[in-house]
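Hello,

Here is the structure I promised to pass on. Have a look at it first, and my notes follow below.

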Amino acid sequence: MEEKISSKTIWDEAARSGLILGLFSAACLGLKELSSLSSSTFLVTAAAIVLWALEFFGCIFLMQRRMNKFYADYQGVTFRDVYVFGRRVALLSGLILAAVNAGIIYFLPDETMDAALAQVYSSMGSSMTASMRDTMEGIVAKMPVYVFFFQWFYCFIYGTILSAILSRRFISKDIMDE
């Protein structure tokens with residue numbers, strides 16, 4: 001009977017893989033932010049689409065590679081272990097991406113946020129009351145916190161679904177081994 005892999009080993013491997021996926025996603029986010037410095041709207045939009053596709057498919061590819069490596073490197077790994085590994089990778093990589101995204105928003109120049117708020121105010125016109133304006137300013141003041149938790153939750157849910165899909169291919173390997 002093969003010995004079961006320890007939770008510590010899964011966490012260690014997930015931390016390494018989460019770091020790789022998190023840094024990859026953060027690099028894509030950084031490139032999107034750099035492209036937004038361009039004065040060309042077409043260039044900004046094209047770069048955002050290309051970088052979104054690169055990040056989306058790149059994360060799927062990296063997650064699949066890391067799950068395959070995890071399965072191959074350890075004896076006695078079941079599809080459930082691979083799924084748990086993937087969820088932990090999602091949790092940790094999401095933490096990195098959420099922190100970078102919140103940091104970007106936190107360090108945005110005040111002029112940028114003021115311009116965005118002015119645009120919202122002008123689009124609402126006279127229907128925006130003073131209390132609505134105060135509420136919006138309160139939300140903007142806490143925006144990095146909201147972005148952090150929403151981004152982390154989104155990455156975790158996305159990674160959990162991806163792990164469930166990708167780990168299914170290891171079920172047949174488990175059955176064949178028995």
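Let me start with helix α1 (residues 7-35), where Arg 16 and Glu 13 both sit, three residues apart, about one turn of the helix. Helices here are DSSP runs of H or I with at least four residues, numbered from the N terminus. The side chains of Arg 16 and Glu 13 form a salt bridge, at 2.7 Å from N to O. With a salt bridge taken as a side-chain nitrogen of Lys or Arg within 4 Å of a carboxyl oxygen of Asp or Glu, the count comes to four.

A word on the basis: this is a predicted model, with local features needing pLDDT of at least 70 and side-chain atom pairs counted only at pLDDT 80 or more, while totals for chains, interfaces and linings use all residues. Residues are numbered from 1 along each chain as its sequence is written, and side-chain values use heavy atoms, without hydrogens and water.

Next, the helix packing. Helix α2 (residues 41-73) and α6 pack at about 50 degrees, with axes 11 Å apart; that makes α2 oblique to α6 (neither under 35, over 145, nor 65 to 115 degrees). Axes are lines fitted to C-alpha atoms over the stretch in contact, and angles run from 0 to 180 degrees between N-to-C directions. Among the residues that meet (heavy atoms within 4.5 Å) are Phe 56 and Met 63 in α2, and Tyr 158 and Leu 162 in α6.

Finally, which helix holds Phe 149? Phe 149 is in α6.

Best wishes

Technical notes
Helix = DSSP H or I, 4+ residues; strand = E, 2+ residues; numbered from the N terminus.
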